[in-house]
Amino acid sequence: MSALLKRSCSHNMLAAIIMLIFICFCVHFQNTAGQFFSSGHTNNWAVLVCTSRFWFNYRHVANTLSVYRSVKRLGIPDSHIVLMLADDMACNHRNPKPATVFSHRNMELNVYGDDVEVDYRGYEVTVENFLRVLTGRLPPSTPRSKRLLSDDRSNILIYLTGHGGNGFLKFQDSEEISNVELADAFEQMWQKRRYNELLFIIDTCQGASMYERFYSPNIMALASSQVGEDSLSHQPDLAIGVHLMDRYTFYLLEFLEDIHPASKSNMNDLFKVCPKSQCVSTPGHRTDLFLRDPGSVLITDFFGSVRKVEITMEAIHLTDPILHPMSEEVQEKTYSYVDQLPVSEIIHQKPKQKDWHPPDGFILGLWTLILLVFFKTYGIKHLKHIF
Amino acid sequence: TLVARSLLANDFQEELVIRPLHSGDIYASFQFRTLWETDFMRENKVSHYRLFPKSLGQVISKFSVRELHISFTQGYWRTMQWGQPFLPSPPGAELWVWFQDSVTDVDAAWKELTNVLSGIFCASLNFIDSTNTVQPSASFKPLGIVNETDHRFLRYATLPREIVCTENLTPWKKLLPCGSKAGLAVLLKSEKLFHSSFFSQTVHIRPVCQDRECKTTSWELRQTLNVVFDLHTSGQGKREWSLFKMFSRTLTEACPLASSSKIYIDVTDNPQEEYFELSPATPLLSQAVVLGDRRTFSVYDLTQQLFKSVSDLLPAGSMLRPLLHAERYVAGYGLQTGEIHTVMYNNHPFRSFPVLLLDSVPWYLRLYIHTLTVTSKGKDNTPSYIHYQPSKDRMRPHLLEMLVQLPPHSVTEVTVQFERALLKWTEYTPDPNHGFYVGSSVISALVPSSVAMDTNITQEQPLFSSFFPCKEESSYFVRVYTEPLLVNLPTPDFSMPYNVICLTCTVVAVGYGSLYNLLTRSFQIEEPNPRLAKKIANFIRRIRGVPLLS
């Protein structure tokens with residue numbers, strides 16, 4: 001028995017040593033795997049959507065604008081932000097302070113700012129336009145500022161806010177987008193290689209239902225409330241008369257105000273934003289589709305735009321400027337302005353030459369009928385007089 | 001020398017005109033003009049842009065635009081209280097474009113142009129399509145140099161619902177050479193500009209004569225911003241205002257790229273400085289004839305001294321009554337029919353003049369043109385020219401253009417009846433109970449002037465008096481816009497499709513379902529499960545061999 005024990009002891013020690021070596025190897029492998037999977041994005045995009053219309057939904061516009069402000073402050077330029085606001089609150093006639101949208105009571109912080117660029121506004125914010133922006137299937141004449149020109153090395157932040165329910169988000173009080181449609185749109189984006197990693201944040205009632213159906217890889221999702229819970233608004237301002245922000249985005253804004261472009265905060269800090277004591281609803285998140293560990297993902301990977309700069313000391317030789325020869329000949333023709341209201345010319349204006357169209361079917365049929373009746377009554381002998 | 005000449009041909013001027021109005025408001029008009037002697041239409045693309053913004057230059061060359069006029073306005077200009085504006089504009093967004101003769105498909109170019117402009121100005125100009133675009137046959141003659149005018153190359157559209165806010169002002173400011181960092185554009189702060197009774201920003205591009213002989217042309221880009229501040233709502237109980245109080249900014253320096261940077265204060269009503277004082281005072285006075293009136297201005301040249309404030313502003317005597325103004329309203333009751341009334345006032349005591357009225361009504365208000373009546377002073381007034389293009393459902397709006405002679409000191413009323421159409425369910429906006437807008441009528445007229453107008457084109461003329469080209473001395477051209485109309489269309493109950501689906505499904509489920517069950521299911525009698533006590537009793541009975549309980 002003692003010999004057995006002794007042998008098992010030595011076996012145990014061997015097993016322990018092997019285990020230790022294996023663990024060390026694992027840790028080392030984890031580090032290299034971590035480096036291998038570390039974020040390989042080269043550009044950042046943001047799609048920020050407010051889906052509610054009417055003055056009493058002021059808080060949704062303020063939500064979207066505060067995320068816009070943070071994202072701009074951390075470095076993403078306007079050309080890489082698609083901002084969709086379904087109604088105009090700043091220059092609304094009910095706004096006692098025009099051209100401002102406040103997020104804090106007593107008008108402390110104007111999130112509208114002085115150089116905002118809204119890409120889709122008013123009636124343009126529809127489910128169709130939103131899905132077209134995401135998937136890139138826009139008509140050819142759409143200007144660049146309205147397109148999401150992301151590639152397979154882009155990290156995209158998508159923020160939605162408005163009124164929602166279990167499995168849908170309401171757009172402008174007249175149509176809805178369902179969680180299945182959204183998941184399919186993201187899958188289209190994945191198949192067309194339109195994103196490297198995607199962070200999806202939604203601040204609506206029952207927001208967690210919107211990310212239940214995602215099935216594409218590399219998506220991380222956050223929501224302000226679980227299924228069956230309502231997201232609540234934060235505080236009203238008595239001068240403006242409406243609620244200014246929603247709770248989740250209010251605490252998200254406060255969290256983001258502490259972030260600067262060189263900050264090392266990661267996603268685990270973002271998951272802790274707005275616990276139940278502050279938010280009343282339970283924020284949720286979903287990371288199972290994301291390949292990296294959330295602890296290694298920096299906030300600035302999605303909210304900021306960190307560009308890698310390569311400094312070169314080489315000199316570049318510029319070519320000579322292209323000189324266009326100016327026409328030196330003196331123009332004999334004298335130009336002149338036109339009369340703005342040439343009364344006599346207008347009165348004697350010839351009517352526009354209308355294009356000739358072949359006669360309508362009805363007219364043809366009517367004439368055929370008349371001719372037939374004529375020849376029936378008066379006999380066929382009149383025909384030779386005509387032809 | 002070639003390079004030097006092309007650089008010299010690039011010129012930028014800025015100016016601000018401040019005019020106190022008789023109602024106690026202050027009218028401030030900014031004008032920024034860039035002149036560039038270049039040819040956008042030649043084969044080699046223009047690639048070096050200096051003062052002229054590249055985005056607009058590319059638009060001109062790509063779409064072969066000869067003239068482009070776009071305006072964004074918030075509020076309505078009250079002609080009776082404020083007089084005539086230097087540059088009129090209708091509420092909402094207005095865009096009219098003359099294309100070059102070389103364009104083959106004007107409609108396709110128009111559609112692409114509106115999309116590109118909607119991206120440049122962050123506005124929903126992509127809603128301009130064939131249902132609100134018209135081709136006027138006599139109004140909107142080109143304001144620049146042209147060989148001949150063929151109205152096939154003109155397109156005009158308005159969006160009365162368009163909102164103007166900081167997101168439209170931001171790209172507009174970016175078009176200026178100095179941006180909003182130096183010069184007069186420093187004053188443009190959105191929080192003060194939009195807290196006003198009237199705000200309008202425009203962009204005008206056209207080819208102009210360079211000098212009096214007019215042998216060479218250059219491209220002119222004019223950006224204007226008109227704003228009327230109401231001193232009472234902006235908290236100015238005191239009789240003193242300054243640039244800082246109006247704009248919450250002070251001037252720092254003139255734009256270094258500008259060849260001239262001036263401020264004109266209208267002191268016509270203050271000849272002996274009895275009503276208000278300017279500080280710092282300036283000896284420079286200039287006179288200009290603008291809108292048929294000779295006005296005196298104090299001039300501040302920003303390259304030499306900066307202007308600060310005016311004190312003791314009292315409302316001055318009588319205002320020159322505007323000779324032409326117009327109103328428009330909808331009469332009638334109910335949601336089926338109505339009447340549009342356009343009323344034009346000629347306030348000249350003894351002269352009559354012709355006006356050209358342009359009306360563009362959307363297709364869902366079906367006009368009955370046989371009920372069109374034009375009456376002046378109670379009598380019928382037949383227009384000497386009428387052009388009417390009927391609408392096509394969902395394709396084209398109504399276009400009505402009339403040349404009416406307005407008798408002196410009279411009121412002319414144009415009425416036409418209409419019927420409201422029922423739109424398809426998906427064509428309603430998300431807020432249909434707000435109503436549907438009908439764009440403003442445009443009234444173009446050559447109004448007789450009591451003061452001789454200046455027909456020379458010189459570079460020394462202030463910008464605000466040289467916008468409309470003047471061909472004769474005895475009259476000046478004016479364009480008056482009426483109010484836009486807001487009409488209610490019969491709106492369906494949008495919850496009805498949901499109600500119908502619920503009701504039909506319930507009826508089908510209950511009615512058909514129960515019938516189906518009755519016909520296809522067979523029924524069997526089933527013994528209910530016996531109770532526990534009975535189970536135990538049966539078990540004992542089975543052991544005993546006695547018949548079981550039922």
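**View 1. Thr100(A) sits in the loop between β2 and β3 of chain A.** This view, like the others, comes from a predicted model. Is Thr100(A) buried or exposed? With a relative accessible area of 3%, Thr100(A) counts as buried, because buried means under 20%. Look around Thr100(A) and, setting aside neighbours within four places in sequence, you will find contacts with Tyr58(A), Ala90(A), Asn95(A), Asn110(A) and Tyr112(A), as well as with Glu191(B) from chain B.

**View 2. Asn106(A) has a positive phi of about 65 degrees.** Stay in the loop between β2 and β3 of chain A, where Asn106(A) also has its place. Why is a positive phi worth a look? Most residues other than glycine have a negative phi. Asn106(A) is not a glycine, yet its phi is positive. Its relative accessibility is 62%, so Asn106(A) counts as exposed.

**View 3. Ser64(B) has a positive phi too, of about 50 degrees.** Now we move to chain B, to the loop between α2 (54–63) and β3 (65–74), where Ser64(B) lies. Ser64(B) is not a glycine either. Is Ser64(B) buried or exposed? At 16% relative accessibility, Ser64(B) counts as buried.

**View 4. A salt bridge between chains joins Glu117(A) and Lys174(B).** The closest N and O atoms of Glu117(A) and Lys174(B) are 2.7 Å apart. Where does each partner sit? Glu117(A) belongs to the loop between β2 (81–85) and β3 (120–121) of chain A, while Lys174(B) belongs to helix α5 (residues 166–174) of chain B. The two partners also have their own surroundings: Glu117(A) is buried, at 15% relative accessible area, whereas Lys174(B) counts as exposed, at 53%.

**View 5. Arg132(A) and Glu128(A) form a salt bridge within one helix.** Both residues lie in helix α3 of chain A. How many residues apart are they? The answer is 4, about one turn of the helix. Their side chains meet at 3.0 Å, N to O. Arg132(A) is partly exposed, with a relative accessible area of 32%, and Glu128(A) is partly exposed as well, with 49%.

**View 6. Asp288(A) pairs with Arg286(A) in a salt bridge.** Here the closest N and O atoms lie 2.9 Å apart. Which partner is buried, and which is exposed? Asp288(A) is exposed, with a relative accessible area of 56%, while Arg286(A) counts as buried, with 16%.

**View 7. Four residues of chain B are linked in a network of salt bridges.** The members to look for are Arg33(B), Arg206(B), Glu220(B) and Arg222(B). For the wider picture, a search of the whole structure finds 29 salt bridges over all chains.

**View 8. Helices α3 and α4 of chain A pack against each other.** Two packed helices are described by the angle between their axes and the distance between the axes. Helix α3 covers residues 127–135 and helix α4 covers residues 179–191. Their axes are 9 Å apart and make an angle of about 25 degrees. Angles under 35 degrees count as roughly parallel, and therefore α3(A) and α4(A) are roughly parallel to each other. On the α3(A) side, the residues that meet the partner helix are Val127(A), Phe130(A), Leu131(A), Leu134(A) and Thr135(A). On the α4(A) side, they include Leu182(A), Ala185(A), Phe186(A) and Met189(A).

**View 9. A nonpolar patch on the surface includes Phe362(A).** Which residues join Phe362(A) in the patch? They are Ile363(A), Leu366(A), Trp367(A) and Ile370(A). Together, the patch residues have about 530 Å² of accessible area. Phe362(A) has its place in helix α9 (residues 361–378) of chain A, and it is exposed, with a relative accessible area of 61%.

**View 10. His11(A) and Thr135(A) are separated by 60 Å, from C-alpha to C-alpha.** Along the chain, these two residues are 124 residues apart. His11(A) is found in helix α1 (residues 2–37) of chain A, and with 51% relative accessible area it is exposed. Stepping back to the whole chain, you can look for 10 helices and 10 strands in chain A. Of its 387 residues, 46% are buried.

Technical notes: Residues numbered from 1 in each chain as written. Chains lettered and ligands numbered in written order. Predicted model: local features only at pLDDT ≥ 70, side-chain atom pairs only at ≥ 80, totals over all residues. Heavy atoms only, no water. Patch = residues over 30% accessible without salt bridge, like charges linked within 9 Å, V, L, I, M, F, W, Y side chains within 5 Å. Areas by Shrake-Rupley, 256 points an atom, 1.4 Å probe, with all protein chains shown as cover. Helix = DSSP H or I, 4+ residues; strand = E, 2+ residues; numbered from the N terminus. Buried < 20%, exposed > 50% of the residue type's maximum accessible area, 1.4 Å probe, protein only. Axes fitted to C-alpha atoms, helices over the stretch in contact; angles between N-to-C directions. Parallel < 35°, antiparallel > 145°, perpendicular 65-115°, else oblique. Contact = heavy atoms within 4.5 Å.
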